Amino acid sequence: MRITICESSFDLSVQAARFIAELVKTNPTATLCLASGHTPLGAFERLVEMADAGLVDFSRCHFIGLDEWVGIPSSAEGSCRYFLDNYFFKKLNIPEAQLHFFDGMATDPEAECRKMDDVIIYLGGLDLMLVGIGLNGHIALNEPGTPWNLHSHVGDLDEMTVTVGQKYFSGKTQLTKGITLGLQYLREAKLPLLMASGEAKAPVIRQALEGEVTELFPASIFQTLEQGVVMLDKAAAGRLGA
Ligand code: PGA
C-alpha cells in the first residue's frame, strides 16, 4: 500500500486526476470502476477538463458501476449511475455500450450480480477500482462484517449508511439494501485506489490504515493490498501516526 498526502482537497483532486489520466494514457482501453460520492467529484471535474484539452481520452474505456441502492432507479438522483452520468459520462459522450452499471430496480438482484461478474470477466478484470470510505469504514456498500471474499453481492445497509446516504437525495429516501462490487474485486483490481478528504474522515482513515485488519472494518483491507494506493488530503490524514 502506498499513501500520498496532498496539501488540500483541490490538490488531492488534481493529483488523483493526473494519476487516473496516466493510467488511461498507458492503457487506452482500460476498464475503470469509478466511485460516486462527494470525494472524487473534484477529480472528475479535472479529468473532464483534461479530456476537453486533449490531454486524456476515455473514448475506448469501459466503465463499471461500483454500487447502487436497491429500489432506486439509475435515473434518480442519488444513484451511482445518475451521479457519474452527470459529472462524467455525459460530459465526455461515453457510449452507452461502454457503461456497465447495476440496475437497482432489477427484479432479481442476485441475477444482476452474476451479470456484472460476467461482464467484468469478459472485460478481463478491473484496471482501476476507485473507492471512497464511509464514516463507518465501509467501502462501496460493503458494510462492516461483510466477508472480503465476495464478488458482486446484495447486502443490508448499516444504520449509519442509511442516515449518511440521505445527503445524496433532496428528500427523505428509504434505503435498506445495497447492490455492490465486493471487496474481492479490490484484491483482484490492478489498481485499487482509495481517496478521502476532510477532517471528518480522519478517524476512519486512521482506523483503516493503522488499526486492526478486520472484516468488521472494511477499509482496513487496504493494509493487505500490496498494489493499493491511498490518496488523502492533509485533513483526512490528520490523525495518522498520532
Ligand atoms: P463520500 O462517500 O465520498 O460522499 O464521502 C464515501 C462513501 O460513503 O463511500
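This passage walks through the strands, a small open sheet and a few individual residues of a predicted model.

A good place to start is strand β9, which spans residues 191-196. Every position here is covered: 6 of the 6 residues of β9 are buried, so the strand is largely enclosed by the rest of the structure. The burial holds on both faces, with Leu 191, Leu 193 and Met 195 on one side and Pro 192, Leu 194 and Ala 196 on the other. As for partners, β9 pairs with β6 in the parallel sense over 4 bridges, and Pro 192 of β9 is the bridge partner of Met 129. Another 4 bridges tie β9 to strand β10 (residues 229-233), again running parallel. In that pairing, Leu 193 is matched with Val 229 of β10.

Strand β6 (residues 128-131) tells a similar story. Its side chains split two ways, Leu 128 and Leu 130 pointing in one direction and Met 129 and Val 131 in the other, and all of them are buried. Besides pairing with β9, β6 pairs with strand β2 (residues 31-34), also in the parallel sense, this time over 2 bridges. Leu 128 of β6 serves as the bridge partner of Leu 32.

Just past β2, the chain enters a loop that leads to α2 (41-52), and Thr 39 sits in this loop. With a relative accessible area of 16%, below the 20% cut-off, Thr 39 counts as buried. Its contacts, leaving aside residues up to four places away in sequence, are Met 195, Ala 196, Ser 197 and Lys 201. Two of these contacts, Met 195 and Ala 196, are themselves buried residues of β9, one on each side of the strand.

Elsewhere, 3 strands make up an open sheet, ordered β4-β8-β7 and paired in the antiparallel sense. The edges are β4 (67-69) and β7 (153-156), each of which pairs on one side only. From one strand to the next, the twist averages 25 degrees. Between β4 and strand β8 (residues 177-180) there are 3 bridges, with the two running antiparallel, and Glu 68 is found opposite Ile 179 of β8. Helix α4 (residues 109-122) packs on this sheet, where it touches β7 and β8, and its direction makes about 135 degrees with that of β7.

Helix α6 (residues 184-188) is home to Arg 187. At 36% relative accessibility, Arg 187 counts as partly exposed, falling between the 20% limit for buried and the 50% limit for exposed. Not counting residues up to four places away in sequence, Arg 187 touches Trp 148, Asn 149, Ile 221, Leu 225 and Gln 227. Gln 227 is 40 residues from Arg 187 along the chain, yet their C-alpha atoms are separated by 8.7 Å.

The start of the chain offers a view of the surface. Met 1, found in the segment before β1 (2-6), joins Ile 3 and Ile 5 in a nonpolar patch on the surface. Together the three residues present about 240 Å² of accessible area. Met 1 itself has 35% relative accessibility and therefore counts as partly exposed.

How values were computed
Residues are numbered from 1 along each chain as its sequence is written. This is a predicted model: local features need pLDDT of at least 70, side-chain atom pairs count only at pLDDT 80 or more; totals for chains, interfaces and linings use all residues. Side-chain values use heavy atoms; hydrogens and water are left out. Buried means under 20% relative accessible area, exposed over 50%, partly exposed in between (1.4 Å probe, protein chains only). Two strands pair if DSSP finds at least two bridges between them. Patches are made of residues with over 30% relative accessible area and no salt bridge: like charges are joined within 9 Å, nonpolar side chains (Val, Leu, Ile, Met, Phe, Trp, Tyr) within 5 Å. Accessible areas come from the Shrake-Rupley method with a 1.4 Å probe; for residues, only the protein chains shown count as cover. A salt bridge is a side-chain nitrogen of Lys or Arg within 4 Å of a carboxyl oxygen of Asp or Glu. Axes are lines fitted to C-alpha atoms, for helices over the stretch in contact, and angles run from 0 to 180 degrees between N-to-C directions. Contact means heavy atoms within 4.5 Å.
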